[in-house]
Amino acid sequence: LLPGARVVKAFNTTGFENMTTAGDRHDKAAMFVAGDDAEAKRVAMDLAADIGFEPYDAGAVENARILEDMVKVWLAMTREHGRRIAYSISKG
């Protein structure tokens with residue numbers, strides 16, 4: 001529908017509370033980015049890092065649906081833990 005458009009999926013696995021305070025967290029929250037265009041994905045990942053997230057490449061744009069489902073889990077968890085919770089990746 002949009003010839004030449006470059007699409008990525010990002011910034012949908014957490015709420016606005018974490019967008020505005022990402023740089024203030026003790027442990028960086030993860031920001032997952034899915035897309036097929038490497039340059040567009042890099043722009044989104046750089047933006048995520050600039051505002052304080054730890055960006056992670058979530059693979060191809062077909063994984064966008066999975067990321068959309070992740071926000072449903074996040075919303076369910078906020079009922080008990082509050083909206084400042086966020087996903088994080090343990091590196092071992």
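1. Which residue follows α3, and what is the sign of its phi? The residue that follows α3 is G82, and its phi is positive, near 85°. Please keep in mind, in this point and in those below, that the structure shown above is a predicted model.

2. The sheet is a good place to begin. It is an open sheet formed by 3 strands, which stand in the order β1-β2-β3, and the pairing between them is mixed. Because β1 and β3 stand at the edges and each has a single partner strand, one side of each is left without a neighbour in the sheet.

3. The mixed pairing can be followed strand by strand. Between β1 and β2, which run antiparallel, there are 2 bridges; V8 has G35 in β2 as its bridge partner, and K9 stands opposite A34 in β2. Between β2 and β3, which run parallel, there are 4 bridges, and here A30 has E54 in β3 as its bridge partner. On its way from β2 to β3 the chain passes through α2, and the β-α-β crossover made in this way is right-handed.

4. Is β2 enclosed or open to the outside, and why? This strand is largely enclosed by the rest of the structure, because 6 of its 6 residues are buried. If you follow the side chains along the strand, you will find that A30, F32 and A34 point one way, that M31, V33 and G35 point the other way, and that all of them are buried.

5. Helix α2, which covers residues 38–50, has 13 residues, and the distance from its first C-alpha to its last is 18 Å, close to the 18 Å expected at 1.5 Å a residue. Its buried residues are A40, K41, A44, M45 and A48. They lie on the same side of α2, because the arc that they cover around the axis is only 135°. The other side of the helix carries A38, E39, V43 and D50, which are exposed. It may be surprising to a new reader that a lysine, K41, is listed among the buried residues, while a valine, V43, is listed among the exposed ones.

6. What do the buried residues of α2 pack against? They pack against β1 (8–9), β2 (30–35) and β3 (54–57). Two details at the ends of this helix also deserve a look. At its start, a side-chain oxygen of D37 comes to within 3.0 Å of the backbone nitrogen of E39, and after the helix comes G52, whose phi is positive, near 115°.

7. Helix α3, residues 64–81, can be checked in a similar way. Its 18 residues should span 26 Å at 1.5 Å a residue, and its end C-alpha atoms are 25 Å apart, which agrees. The buried residues of this helix are A64, L67, M70, V71, W74 and T78. Seen down the axis of α3, these buried residues fall within an arc of 105°, so they line one face of the helix. On the other side, the exposed residues are R65, K72, R79 and E80. As for what covers the buried residues of α3, this includes β1, α1 and β2.

8. One of the buried residues of α3 can be examined more closely, namely T78. Its relative accessible area is 11%, and because buried means under 20%, T78 counts as buried. A polar atom of the T78 side chain lies 2.6 Å from the backbone oxygen of L75. Leaving aside residues up to four places away in sequence, T78 touches R83 and I85.

9. A last residue to inspect is E17, which is found in helix α1, residues 16–19. Is E17 buried or exposed? With a relative accessible area of 16%, E17 is buried. The side chain of E17 makes a polar contact, at 2.5 Å, with the side chain of R83. When residues up to four places away in sequence are not counted, E17 touches W74, R83 and R84. R83 is therefore a residue to select in the viewer, since E17 touches it and T78 touches it as well, with the cut-off for such a contact being heavy atoms within 4.5 Å.

Methods: Residues numbered from 1 in each chain as written. Predicted model: local features only at pLDDT ≥ 70, side-chain atom pairs only at ≥ 80, totals over all residues. Heavy atoms only, no water. Expected span 1.5 Å × (residues − 1). Buried < 20%, exposed > 50% of the residue type's maximum accessible area, 1.4 Å probe, protein only. Arc of directions from axis to C-beta. Polar contact = N/O pair within 3.5 Å; in protein donor to acceptor, adjacent residues only side chain to side chain. Pairing = 2+ DSSP bridges. Right-handed = clockwise from strand over helix to strand, strands pointing away.
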